[in-house]
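The following exercises concern strand order, helix packing and residue burial in one protein chain. Each task is followed by a solution in steps.

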Amino acid sequence: MDAVVQNHCFNDRLQTKLPWQNPTDKKWQKEGKSIPRLTIFSVAKGCKCTYKYSGVVVKPFPEPDFLAKIREQCVDIAGLEEQPNSCNINLYRDGNDSVGWHTDDEPLFEGEYNDICILSLSLGSDRTFQIKKKGVKGVGRNEATSSLVLSHGDLCTMEGRFQRHYLHAVLRETDTEGPRINLTWRFITKHSHDDGCCLEGPGN
């Protein structure tokens, strides 16, 4: 995967060609304070679903051609039979940027009660992907039960009922200096008609 990433200069194009957003978090951050990362929510043609999670609202952005090429190659390498129709992309500018413990169980993806697949590509600096099972006694707030280091070009998936049973996070690592971009492709199965999206999915 790393050779493909280098040949197409994915990292540079993503940093410079996308309209990054820095939304506020009305639930967990102090009033008016932005989330500790830049983000974007890319969607397939015709989709108008807004990505909403934990007090954050990220407006949809139509998938550009160069991002579609990245998606197609990653899906092929992962051996998936279908192409995802959305991608949540986070830019961690350095080790101070992070995302806290959470699960991707938003209504758009129906991961709380269905088997789903999320495909993840990491670009740039190494960061530790931390995992813990929900409801485990004796585990501290920022203590993982499992973790792995994701490096430039690493491709991984979260599958089945992972979002129902596990939390995951990329916590602060102040000794990390360079940026990291993480792309997580998802399948919108319940389009948000409240957002003006006219598309239909299995959950509509």
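**Exercise 1. The six-stranded sheet**

In this predicted model, six strands form an open sheet with mixed pairing, in the order β4-β1-β5-β12-β7-β10. Identify the edge strands of this sheet, and state the sense in which β1 pairs with β5 and with β4.

*Solution.*

Step 1. An edge strand pairs on one side only, and this applies to β4 and to β10 (155-158). From one strand to the next, the twist averages 25°.

Step 2. Strand β1 (residues 38-43) and strand β5 (residues 86-92) are antiparallel and share six bridges. Within this pair, V43 stands opposite S86 of β5.

Step 3. With strand β4 (residues 60-62), β1 runs parallel, and three bridges join the two. Here V43 stands opposite P62 of β4.

Step 4. Continuing across the sheet, β5 pairs with strand β12 (residues 180-186) in the antiparallel sense over seven bridges. L91 stands opposite I181 of β12.

**Exercise 2. The two sides of β1**

Determine which residues of β1 point one way and which the other way, and how many of its residues are buried.

*Solution.*

Step 1. In a regular strand the side chains alternate between the two faces of the sheet.

Step 2. In β1, L38, I40 and S42 point one way, whereas T39, F41 and V43 point the other way.

Step 3. Burial requires a relative accessible area under 20%. Six of the six residues of β1 are buried, and the strand is mostly covered.

**Exercise 3. A helix pair**

Classify the packing of helix α2 (residues 10-17) against helix α3 (residues 65-78) by the angle between them, and list the residues that make the contact.

*Solution.*

Step 1. Two packed helices are described by the angle between their axes and the distance between the axes. For α2 and α3 the angle is about 140°, and the axes are 11 Å apart.

Step 2. Angles over 145 degrees count as roughly antiparallel and those from 65 to 115 as roughly perpendicular. The two helices are therefore oblique to each other.

Step 3. The crossing of α2 past α3 is left-handed. From α2, the contact involves F10, R13, L14 and K17; from α3, it involves F66, L67, I70 and Q73. By class, these are five nonpolar, one polar and two charged residues.

Step 4. α3 also lies across β1, β5, β7 (118-124), β10 and β12, and runs at about 115° to β7.

**Exercise 4. The four-stranded sheet and two residues**

Give the strand order of the open sheet of four strands, then decide whether T128 and T176 are buried or exposed.

*Solution.*

Step 1. The order is β6-β11-β8-β9, and the pairing is antiparallel. β6 (99-102) and β9 (146-150) each have a single partner strand, so one side of each lacks a neighbour in the sheet. The twist averages 15° from one strand to the next.

Step 2. Four bridges link β8 and β11, which pair in the antiparallel sense; K133 stands opposite Y166 of β11.

Step 3. T128 lies in strand β8 (residues 127-133). T128 counts as buried because its relative accessibility is 18%. Apart from neighbours within four places in sequence, T128 is in contact with S147, L148, V149, A169, V170 and E173.

Step 4. T176 belongs to the loop between β11 (166-170) and β12. With a relative accessible area of 13%, T176 is buried. Leaving out residues up to four places away in sequence, T176 touches D94, G95, S125, D126 and R127.

Note on methods:
Residues numbered from 1 in each chain as written. Predicted model: local features only at pLDDT ≥ 70, side-chain atom pairs only at ≥ 80, totals over all residues. Heavy atoms only, no water. Axes fitted to C-alpha atoms, helices over the stretch in contact; angles between N-to-C directions. Parallel < 35°, antiparallel > 145°, perpendicular 65-115°, else oblique. Left-handed = near helix turned anticlockwise from the far one by under 90°. Contact = heavy atoms within 4.5 Å. Nonpolar A, V, L, I, M, F, W, Y, C, P; charged D, E, K, R; others polar. Buried < 20%, exposed > 50% of the residue type's maximum accessible area, 1.4 Å probe, protein only. Pairing = 2+ DSSP bridges.
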